[in-house]
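Let's go through some labels and ask what each one rests on. Each answer puts a value next to its cut-off and then concludes.

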Amino acid sequence: MEGPPMDPSVQLFVEKILSINELDYGDFMRKANHYLMELEAKVKATADPIAEALLADIKLHLQYYPNWNVTQTRKLIMDEVANLNDHI
């Protein structure tokens, strides 16, 4: 059985993250961070503290404490976004 349908703003974010073809982490990070800021603007309207914490965690791993691996970071983002969808 599948989970609830994905929120349209989350779905768009997922599509954008998956479309990033950059292999250089810095290039990937710049694009992913831009898409994350777009999502944050939409999610903040919900004022759900768990959603805000998940977004902050994504940003933390993406921008402030990166592991410099695009594939691993993309997977981490996708895992966090799956949880985020439950709180929007």
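Q: What makes the link between Asp 48 and Ile 50 at the start of α3 a polar contact?
A: A side-chain oxygen of Asp 48 comes to within 2.7 Å of the backbone nitrogen of Ile 50. A polar contact is a pair of N or O atoms within 3.5 Å; within protein, one has to be able to donate a hydrogen and the other to accept it, and residues adjacent in sequence count only if both atoms are side-chain atoms. The Asp 48–Ile 50 pair, at 2.7 Å, therefore gets the label. A word on provenance: this is a predicted model, where local features need pLDDT of at least 70 and side-chain atom pairs count only at pLDDT 80 or more, while totals for chains, interfaces and linings use all residues. Residues are numbered from 1 along each chain as its sequence is written, and side-chain values use heavy atoms, with hydrogens and water left out.

Q: How do you know that the buried residues of α3 line one face?
A: Start with the list: in helix α3 (residues 49-64), Ala 51, Leu 54, Leu 55, Ile 58, Lys 59 and Leu 62 are buried (buried is under 20% relative accessible area, exposed over 50%, partly exposed in between, with a 1.4 Å probe and protein chains only). Looking down the axis of α3, these buried residues fit within an arc of 135°, so they line one face of the helix. The arc is taken over directions from the helix axis to the C-beta atoms. On the other side of α3, Pro 49 and Tyr 64 are exposed. As for partners, the buried residues of α3 pack against α2 (25-43) and α4. Helices here are DSSP runs (H or I, at least four residues; strands would be E, at least two), numbered from the N terminus.

Q: Why are α1 and α4 called roughly antiparallel?
A: Helix α1 (residues 8-19) and helix α4 (residues 70-85) pack at about 175°, with axes 11 Å apart. Angles under 35 degrees count as roughly parallel, over 145 as roughly antiparallel, 65 to 115 as roughly perpendicular, and the rest as oblique. At about 175°, the pair is therefore roughly antiparallel. From α1 the contact takes Val 10, Phe 13, Val 14, Ile 17 and Leu 18, and from α4 it takes Arg 74, Ile 77, Met 78, Val 81, Leu 84 and Asn 85 (contact is heavy atoms within 4.5 Å). Those residues split into nine nonpolar, one polar and one charged.

Q: How do you know that α1 is roughly antiparallel to α2 as well?
A: Their axes come within 10 Å and cross at roughly 180°, which makes α1 roughly antiparallel to α2. Ser 9, Val 10, Leu 12, Phe 13, Lys 16 and Ile 17 of α1 meet Ala 32, Tyr 35, Leu 36, Glu 38, Leu 39 and Lys 42 of α2. This contact comes out at eight nonpolar, one polar and three charged residues.

Q: What makes Val 81 buried?
A: Val 81 has a relative accessible area of 1%, so it counts as buried. Val 81 sits in helix α4, and beyond four places in sequence it contacts Val 10, Phe 13, Val 14 and Ile 58.

Q: Why does Thr 73 count as buried?
A: Its relative accessibility is 3%, so the label fits. Thr 73, in helix α4, touches Tyr 25, Phe 28, Leu 62 and Asn 67, leaving out residues up to four places away in sequence. A polar atom of the Thr 73 side chain also lies 2.9 Å from the backbone oxygen of Asn 69.

Q: How do you know whether Glu 80 is buried or exposed?
A: At 13% relative accessibility, Glu 80 counts as buried. This helix α4 residue touches Leu 54, Asp 57 and Ile 58, again not counting residues up to four places away.

Q: What puts Asn 33 in the buried class?
A: Asn 33, in helix α2, has a relative accessible area of 12%, so it is buried. Outside the four-place window in sequence, Asn 33 touches Lys 59, Leu 62 and Gln 63.

Q: Why does Trp 68 count as exposed?
A: Its relative accessibility is 60%, which means exposed. Trp 68 is in the loop between α3 and α4. Its phi is near 70°, a positive value in a residue other than glycine. Most residues other than glycine have a negative phi.

Key:
Axes fitted to C-alpha atoms, helices over the stretch in contact; angles between N-to-C directions. Nonpolar A, V, L, I, M, F, W, Y, C, P; charged D, E, K, R; others polar.
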